[in-house]
Amino acid sequence: MPGGKLGLTDVTVKGKLPQELDGLLAVAACVGDALPLEGYRDLATSAGFVVEHLQALPETAQSFLTDLNGKLLLAEVASGLGKLQVPTDLIGEAKRVLAAAQDAVAEGSLGYGMLVARRPE
């Protein structure tokens, strides 16, 4: 459709991620299938869009992981109190994946990005 607009924010990757971020939990957390920021640009341009704005947002990735860490801590406490039925090994795996994601963000191989594009009239 001519004149359409596209706004996209998503997890981004740069280079190879650690093996801990290659499993089922990583895919569920939108990390396993993430693209480099330039990959999202390429998808938009191949669909006929003109990219107007492309921005890496590493602080957003870090903020998201900090929030996730708090939620995981609450789940762990609730599980320990018997208020939430979650297998202990699942919480341990989630903590391991979260730690790997935090390291990847700190190293710059995992991030978050924003793209704004328009389809020419």
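Student: What is the relative accessibility of Glu52?

Tutor: This is a predicted model, in which local features need pLDDT of at least 70 and side-chain atom pairs count only at pLDDT 80 or more, while totals for chains, interfaces and linings use all residues. Residues are numbered from 1 along each chain as its sequence is written, and side-chain values use heavy atoms, with hydrogens and water left out. Residues are classed as buried (under 20% relative accessible area), exposed (over 50%) or partly exposed (in between), with a 1.4 Å probe and protein chains only. Glu52 counts as partly exposed, because its relative accessibility is 43%.

Student: With which side chain does Glu52 meet in a salt bridge?

Tutor: A salt bridge requires a side-chain nitrogen of Lys or Arg within 4 Å of a carboxyl oxygen of Asp or Glu. Glu52 satisfies this with an N to O distance of 2.7 Å. Its partner in the salt bridge is Arg118.

Student: How many residues apart are Glu52 and Arg118?

Tutor: Helices (H or I, at least four residues) and strands (E, at least two) are DSSP runs, numbered from the N terminus. Glu52 belongs to strand 2 and Arg118 to strand 3, and the pair links distant parts of the chain. Arg118 counts as partly exposed, at 32% relative accessibility. The separation of Glu52 and Arg118 along the chain is 66 residues.

Student: In which helix do Glu93 and Arg96 both lie?

Tutor: The side chains of Glu93 and Arg96 meet in a salt bridge, at 2.6 Å from N to O. Glu93 is partly exposed at 28% relative accessible area, and Arg96 counts as partly exposed at 38% relative accessibility. The two residues are 3 residues apart, about one turn of the helix, and both lie in helix 4.

Student: How far apart are the closest N and O atoms of Asp42 and Arg41?

Tutor: A search of the whole structure finds 4 salt bridges, including the one between Asp42 and Arg41. Asp42 counts as partly exposed at 40% relative accessibility, and Arg41 counts as partly exposed at 31%. The closest N and O atoms of Asp42 and Arg41 are separated by 3.3 Å.

Student: What arc do the buried residues of helix 2 cover around the axis?

Tutor: In helix 2, which spans residues 37–46, the buried residues are Leu37, Gly39, Tyr40 and Ala44. They lie on the same side of helix 2, because the arc that they cover around the axis is only 165°. This arc is that of the directions from the helix axis to the C-beta atoms.

In full, the arc covered by these residues is 165°.

Student: Against which strands do the buried residues of helix 2 pack?

Tutor: Contact means heavy atoms within 4.5 Å. The buried residues of helix 2 pack against strand 1 (5–13), strand 2 (50–56) and strand 3 (110–118).

Student: Which helix supplies the largest share of the largest nonpolar core?

Tutor: A nonpolar core is a set of buried Ala, Val, Leu, Ile, Met, Phe, Trp, Tyr and Cys residues joined through side-chain atoms within 4.5 Å. The largest has 21 residues, and Leu17, Leu21 and Leu110 have the most contacts inside it. Strand 1, helix 2, helix 3, helix 4 (88–107) and strand 3 each supply at least two residues of this core. The largest share, 7 residues, comes from helix 4.

Student: What is the relative accessible area of Ser109?

Tutor: Ser109 is found in the loop between helix 4 and strand 3. Not counting residues up to four places away in sequence, Ser109 touches Thr12, Val13, Lys14, Leu17 and Ala104. Ser109 is buried, with a relative accessible area of 11%.

Student: Which residues form a nonpolar patch on the surface?

Tutor: Patches are made of residues with over 30% relative accessible area and no salt bridge, with like charges joined within 9 Å and nonpolar side chains (Val, Leu, Ile, Met, Phe, Trp, Tyr) within 5 Å. Accessible areas come from the Shrake-Rupley method with a 1.4 Å probe, and for residues only the protein chains shown count as cover. In helix 3 (residues 58–80) lies Val77, partly exposed at 45% relative accessible area. With about 310 Å² of accessible area together, the patch is formed by Leu73, Val77 and Leu81.
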